Amino acid sequence: MLIGKVTGCVVSTRKNEKLVGSKFMIVEIKEETAQMKKIVAVDNVGAGIGELVLVATGSAARIGCGEEKAPIDAAIVGIIDSGQGLGEQI
Amino acid sequence: MLIGKVTGCVVSTRKNEKLVGSKFMIVEIKEETAQMKKIVAVDNVGAGIGELVLVATGSAARIGCGEEKAPIDAAIVGIIDSGQGLGEQI
Amino acid sequence: MLIGKVTGCVVSTRKNEKLVGSKFMIVEIKEETAQMKKIVAVDNVGAGIGELVLVATGSAARIGCGEEKAPIDAAIVGIIDSGQGLGEQI
Amino acid sequence: MLIGKVTGCVVSTRKNEKLVGSKFMIVEIKEETAQMKKIVAVDNVGAGIGELVLVATGSAARIGCGEEKAPIDAAIVGIIDSGQGLGEQI
Amino acid sequence: MLIGKVTGCVVSTRKNEKLVGSKFMIVEIKEETAQMKKIVAVDNVGAGIGELVLVATGSAARIGCGEEKAPIDAAIVGIIDSGQGLGEQI
C-alpha cells in the first residue's frame, strides 16, 4: 500500500453506474519529498482532508471497497494513526 | 483513478475483434505539471475533447467497460464536474 | 492502452511452452518525447516494423491474445491508422 | 519481486475490517541508489526493521498473505539471507 | 514483457511456503541506457548469469511459473537468442 495525504475531493455526475455513491478523494502520494503524484481514491473508511492514509491500488482496491464489479483501481483502506520510520512522509 | 484531460482520439481499423466499436480517446494524465503522460482510454461515458475525466486502469478498466473479454487496460469511468484541491490539475 | 512504434523483434528458443508460436515485437512506447521505454509485446494483429500500434498491458494482454494460460503481459491489440491530437506521438 | 529494506511500521486503527491483525511495515525499495520509494507491505514472514526483504506486489501480495479478500497490494514474502550481484542494493 | 540481463541471484531461507524451491534471479531491466532497475524474478527456463531474458510481470508471472498460488509477480519466461532493433539493449 502507498502512504498519502488526502488533499481534496472530486465531483463527477456523469459516471459509470457502478460508481454511483462512491466518494472520490484526491490523495497526494508522497513517495519522495521531491516527487508528488496525485491519484483519486475511493474512500470507504471515512478519511478527511489532511489525514494520512493507506491507499491500496489495482484489484486490491475493489476488494477494499467490497465492489468487485465497480471500475475502481485505488481505495483508501486505512487511516494512519502513527508510525515508526515514516520520517518526512508526514 | 487518475485525473486527465481528453486531448484527442485514435482510429484503428486492424484491431482485436473484441475492440470493434470501442471509442479510443487520448487522455493526457496530469500527475505533475512538469510530467505529462498520454494514454489511450476506451470511453463509455461520452467524454468530449477538453473534458477533465477519471481514468481507471488495469482490470478495473475492463469492468468499467462491461467487457471482461476485451483487451482493455484503461477506461474513462467518469467526467469531472468540479473538485476541491484539484489545484493546477485543471 | 499505450501508443508505441514497432521497432524490432526478438527471437527466443528456450522459453515457456505456452509461448511457443508467439511473435515477440519490440515496441517503443512514446509517452513523452524525451522518455522512451521499450517493451516486448506479443503481436496478434499482424503489425510490421515502423507501424504505430495500441499496446495493452497486464491481464488485458492475455485476453488480447486469447491465451489465458500464457505468461503474456503486453500485447499489440490494434494498428493505428490515424488520430486527432496525437501530436508528436507519431 | 522487489528488494527492499524494512525501515519502519505504521499503525492504523480505523481501517478496512479485512486488514485487522495485519502488520504494516514500511519498506524502502532500492531500485537505484539515487531513487528510493517507500511502500507499506503486509508482513507474514516475521521481518524485522533493518532486514533486507523480497516484496511481492499486486495480486501476488494477497496470495502471499493467504488473504484473497483483503485489500492488500504489497507483501513481504521472503527475508534475504545473501545474494550474488546484489551490489549496492544492500 | 521486459528485456533484462540476469546479473545475480538471491538466497532466502525464511520465506512464504509456496516459494520453497523457487530460484530467485536478479534481473537488470534495461529500459533506457541511463535508467536501470533491478527486480527479482523467479526462473523456470534455466537462465544463467549474463543471459538476456524476457521477464513477465504481474499475474502473467504466476502463470509463467505454473504456480497460481505462489506470491510471484515477476518471472523469466524466455531466454533471448537474438533480436532485430534491440540496439543498445544488449
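Me: How many residue pairs are in polar contact between chain B and chain C?

Reply: There are 13 such pairs, with both residues at pLDDT 80 or more. A polar contact is a pair of N or O atoms within 3.5 Å; within protein, one must be able to donate a hydrogen and the other to accept it, and residues adjacent in sequence count only if both atoms are side-chain atoms. This is a predicted model, in which local features need pLDDT of at least 70 and side-chain atom pairs count only at pLDDT 80 or more, while totals for chains, interfaces and linings use all residues. Residues are numbered from 1 along each chain as its sequence is written, chains are lettered from A and ligands numbered from 1 in the order in which they are written, and side-chain values use heavy atoms, with hydrogens and water left out.

Me: What makes Glu51(C) and Arg14(B) a salt bridge?

Reply: The term asks for a side-chain nitrogen of Lys or Arg within 4 Å of a carboxyl oxygen of Asp or Glu. The closest N and O atoms of Glu51(C) and Arg14(B) are 2.6 Å apart, so the pair meets the definition. Between chain B and chain C the count is 1 salt bridge.

Me: Which parts of chain B each supply at least two residues of the side that touches chain C?

Reply: They are β1 (2-11), β2 (24-30), β3 (36-43) and α1 (59-65) of chain B; helices (H or I, at least four residues) and strands (E, at least two) are DSSP runs, numbered from the N terminus. β3(B) gives the largest share, 6 residues. By class, this side of chain B has 15 nonpolar, 7 polar and 8 charged residues, where Ala, Val, Leu, Ile, Met, Phe, Trp, Tyr, Cys and Pro count as nonpolar, Asp, Glu, Lys and Arg as charged, and the others, Gly among them, as polar.

Me: How many residues of chain B and chain C are in contact?

Reply: Contact means heavy atoms within 4.5 Å, and 30 residues of chain B are in contact with 28 residues of chain C. Arg14(B), Lys38(B) and Asp73(B) supply 27% of the area that chain B buries against chain C, more than any other three residues. Buried area is the accessible area (1.4 Å probe) that two parts lose on being put together, summed over both. For chain B and chain C the area is about 2300 Å², of which carbon and sulfur atoms give 50%.

Me: What makes β1(B) and strand β6 of chain C a pair?

Reply: Two strands pair if DSSP finds at least two bridges between them. β1(B) and β6 (residues 82-84) of chain C have 3 bridges, in the antiparallel sense, so they pass the rule. Within β6(C), Gln84(C) is the bridge partner of Cys9(B).

Me: Why are chain D and chain A said to be related as by a five-fold rotation axis?

Reply: Copies are superposed by least squares on the C-alpha atoms of residues with pLDDT of at least 70 in both. A turn of 72° and a shift of 0.0 Å along the axis lay chain D on chain A with an RMSD of 0.0 Å. The two copies are therefore related as by a five-fold rotation axis.

Me: How do you know that chain D and chain A meet through different surfaces?

Reply: Only 7% of the interface residues of chain D are also interface residues in chain A, so the surfaces differ.

Me: Why does the salt bridge of Arg14(A) and Glu51(B) join two chains?

Reply: Arg14(A) and Glu51(B) form a salt bridge with their closest N and O atoms 2.6 Å apart. Arg14(A) lies in the loop between β1 (2-11) and β2 (24-30) of chain A, and Glu51(B) in the loop between β3 and β4 (52-57) of chain B, so the pair joins two chains.
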